Amino acid sequence: MPDPNVYNDRVVTVLVVLSLVWAIAGMGAGVFIAAELVWPTIDLGQEWLSYGRLRTLHTNGVIFGFGVSALMATAFYSVQRTSHVPLFAPKLAWFCCIAWNLAVLLGGISLLAGWTSGKEYAELEWPFDIGITIVWLAFAVVFFGTIANRKVKAIYVSNWFYGALIIVIAMLHVVNSMAIPITIGKSYSLFAGAQDAIVQWWYGHNAVGFLLTGGFLGMLYYFLPKHADRPIWSYRLSIVAFWAFTYSYIWAGPHHLHYNAIPEWVQSLGMVMSIILLAPSWATMVNGVMTVAGAWEKLKTDPALKFIVLALAFYGLATFEGPMLSIKSVNVVSHFTDWTVGHVHSGALGWNAMITFGTFYFLVPRLVGAALYSVRLANIHFWLALAGTMLYVLSMWGAGVSQGLLWLSLDELGELSYGFRDIMASMTPYYALRFVAGAIFLSGAILMFYNFVKTMENRTTVVRRIPDVTTARSAVEAVA
Amino acid sequence: MTFVPIDVLVQGGQLFARLEQATASASVVVFKDILPLALIPPIFLYLGSLQFGWQIGAEDVIRLNQATLLMISVCYFLALLLGFIGLAILLRWMAPTYAATLEMSRHLTLVATVATPMVVGSIAHLYPHVFVNMLAIIPVLIWSMFLLYRGLPIVLRTTPQQGMLMASSLIGIVLVAAVTLLGITVVLWTHGFGPSLGL
């Protein structure tokens, strides 16, 4: 019988370690395919090493392996502390941890073997889709069960974001994955044509919204005030931003389908809702920046807080760039170019990875009850992450704008001036720079991994008792 | 009299100590440091384009006539000059938030410091091939970032912690400004200004 007076932190430690392993593997795959775009023959003629297969391994590895493991770890850690109870159904939490990572591992192998549904960010075939649904339900039971057991009446804002992540991703995943299986490794979507496209990008964009944005905002709202040792600058703003964010994000998907065979009003609606999204996104950024600005003394002792500060800067860039790219007259040039890839990475490297790194630098020493092995290495990691992200974004801006211009250029006869092959061949300088940028970013992640291995060496997760806390609200209620 | 660009290149470890002591007025910094820095890249661009022509993307080498080239170089110079001074104004606007100095000359000195590696890197304009210029960006950008984070608290007289926040805010603003410029450019293209596109 587990002790009801201590937190369940071992599962958090394991999820953090697995997340780190996926970070190295997923980013490693990314750097390799970046190299393939410069030196196409390094796939050695092997199908499983080809760009098409490794690219899906890269995206699934970093989003679902690195990202979701980190989200599960931080959700389990913070929901216990904001509710003052241990995890509900801790064995189910272990099931989530192991089954999820097994699903991503086997799913990754299936992608290398050529199984794919052909839906971006949802490539895994139907057996994995069913498995993911089961694990996700278990995640929901553990998370909401813990909240139901809470001893603090208010549900802290980070839990609203994690809760939205769990509910919305379940809805998106189930609807978008509906398919008719033909064999064990092949199925066909239940939706056809333009409807399939709309459902796919309703899924795709809201996976970005509720997983890569909302989920990680949950992380920000718990760990930033903890780091800074002061409450969030405006709690009211965080709640308003949450509802505005949740309401407007769900409509934005059609901006992925501008000038396609879907109704024009659907495209325009997607564009308008995307532009509206800027308001709640930047409200959150302001809230974060003002929270840190009042706690600047902490930056001296805490390398982790630096990552969070930078994450907020790149969050500001990505959430501004996204609405801008959704404007139809910008999108007509930027779509189908590497500008989109750059935009995704300013979010993925600059926001998701940085906020996770910052959180892990805070979390790992606390989990094992030891000081970080090397603050110096963490500081070097900070520089590598900053340089890698900046160079990545610049290279893709260069590549993207050149491509947009060259795809559409007309000669004096009104014919397209350049062929696809010529344009792609001319991208080598940008792709080489992107490869260097990715390698720099990856080397930082490897340093962090080594730093954590040394920090955790010969240590186990510290058992922490749940503090006896009488909140102001419950004190008032007791008197009443 | 000290020259910021030269100090950045030769002073090494003593650089920030020297900048900390700097006493020149804002107008002096503009004429002595900012103007030469804004002048160098356009000159390299002019000479390189005249000699070799630009190679961008899949297009053949672009050779512009001398008058057009001169006009582009002058515009480049003005853009850099306004950009540098604009950045200094932006820094000064942020200064009270991060308890930094309000002296404009120091904000201009910081901009000159951070811009110096970029201006040195612009020597790649002498051979205006995208690949060469991309290669030059890597060390130059890292060097500039280093100078920004290390130099900001010293030159602007704030704590290293608040300096770190201010530098990160600046990066955020510059990135948003850069992507806005790209966006505006593209909207102008799609509305018929600039290159003829098949839209």
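How many helices and strands does chain A have? Chain A has 16 helices and two strands, and the legends below look at some of them in this predicted model.

**Figure 1. Chain A as a whole, in a predicted model.** Here we start with the full chain before moving in. Its secondary structure comprises 16 helices and two strands. The radius of gyration of chain A is 23 Å, close to the 23 Å that the globule rule gives for 480 residues, so chain A is as compact as a globular protein of that length. Taken along the principal axes, the box filled by the C-alpha atoms of chain A is roughly 85 × 45 × 45 Å.

**Figure 2. Chain B, with seven helices and zero strands.** Following the sequence of chain B, you will meet the pattern α-α-α-α-α-α-α. Chain B has a radius of gyration of 18 Å, which agrees with the value near 16 Å that a compact globule of 199 residues would have. Its C-alpha trace spans about 50 × 35 × 30 Å along the principal axes of chain B.

**Figure 3. The contact of chain A with chain B.** From chain A come 43 residues, and from chain B 35 residues. On the side of chain A that touches chain B, the elements that give two or more residues are α9 (278-293), α10 (303-326), α11 (328-334), α13 (375-408), α14 (420-425) and α15 (428-456) of chain A. Which of these gives the most? That is α13(A), with 12 residues. Sorted by class, this side of chain A has 31 nonpolar, seven polar and five charged residues.

**Figure 4. The hairpin of β1(A) and β2(A).** Strand β1 (residues 179-183) and strand β2 (residues 186-189) of chain A run antiparallel and are joined by four bridges. To find your way in this view, look for Pro181(A), whose bridge partner in β2(A) is Ser187(A). Two residues lie between the strands of the hairpin.

**Figure 5. Helix α2(A) against helix α12(A).** In this close-up, the axes of α2 (residues 51-83) and α12 (residues 338-368) of chain A come within 11 Å and cross at roughly 40°. That angle makes α2(A) oblique to α12(A), and the crossing is left-handed. On the α2(A) side the contact is made by Val62(A), Gly67(A), Ala70(A), Thr74(A) and Tyr77(A), and on the α12(A) side by Ala348(A), Asn352(A), Thr356(A), Thr359(A) and Leu363(A). These residues divide into five nonpolar, five polar and no charged.

**Figure 6. Helix α6(A) beside helix α9(A).** Are these two helices roughly parallel or roughly antiparallel to each other? The axes of α6 (residues 193-228) of chain A and α9(A) come within 10 Å and cross at roughly 15°; α6(A) and α9(A) are therefore roughly parallel to each other. The crossing of this pair is left-handed. From α6(A), Leu217(A), Leu220(A), Leu224(A), Pro225(A) and Ala228(A) meet Thr284(A), Gly288(A), Thr291(A) and Val292(A) of α9(A). The contact has six nonpolar, three polar and no charged residues. Helix α9(A) may look familiar from Figure 3, as one of the elements that give two or more residues to the side of chain A that touches chain B.

**Figure 7. Helix α6(A) packed on helix α12(A).** Two helices from the earlier views come together here, at an angle of about 35° and with their axes 10 Å apart. The crossing of α6(A) and α12(A) is left-handed. On α6(A), look for Leu212(A), Phe216(A), Met219(A), Leu220(A), Phe223(A) and His227(A), which meet Gly347(A), Trp351(A), Asn352(A), Ile355(A), Thr359(A) and Phe362(A) on α12(A). The contact has eight nonpolar, four polar and no charged residues. Some residues return from the other close-ups: Leu220(A) takes part in the contact with α9(A) and in the contact with α12(A). Likewise, Asn352(A) and Thr359(A) of α12(A) are in the contact with α2(A) and in the contact with α6(A).

Notes:
Residues are numbered from 1 along each chain as its sequence is written. Chains are lettered from A and ligands numbered from 1 in the order in which they are written. This is a predicted model: local features need pLDDT of at least 70, side-chain atom pairs count only at pLDDT 80 or more; totals for chains, interfaces and linings use all residues. Two strands pair if DSSP finds at least two bridges between them. Two residues are in contact if their C-beta atoms, placed from the backbone, lie within 7 Å. Ala, Val, Leu, Ile, Met, Phe, Trp, Tyr, Cys and Pro count as nonpolar, Asp, Glu, Lys and Arg as charged, and the others, Gly among them, as polar. Axes are lines fitted to C-alpha atoms, for helices over the stretch in contact, and angles run from 0 to 180 degrees between N-to-C directions. Angles under 35 degrees count as roughly parallel, over 145 as roughly antiparallel, 65 to 115 as roughly perpendicular and the rest as oblique. A crossing is left-handed if the near helix is turned anticlockwise from the far one by less than a right angle, and right-handed if clockwise. The radius of gyration is taken over C-alpha atoms; the globule rule is 2.2 Å times the number of residues to the power 0.38.
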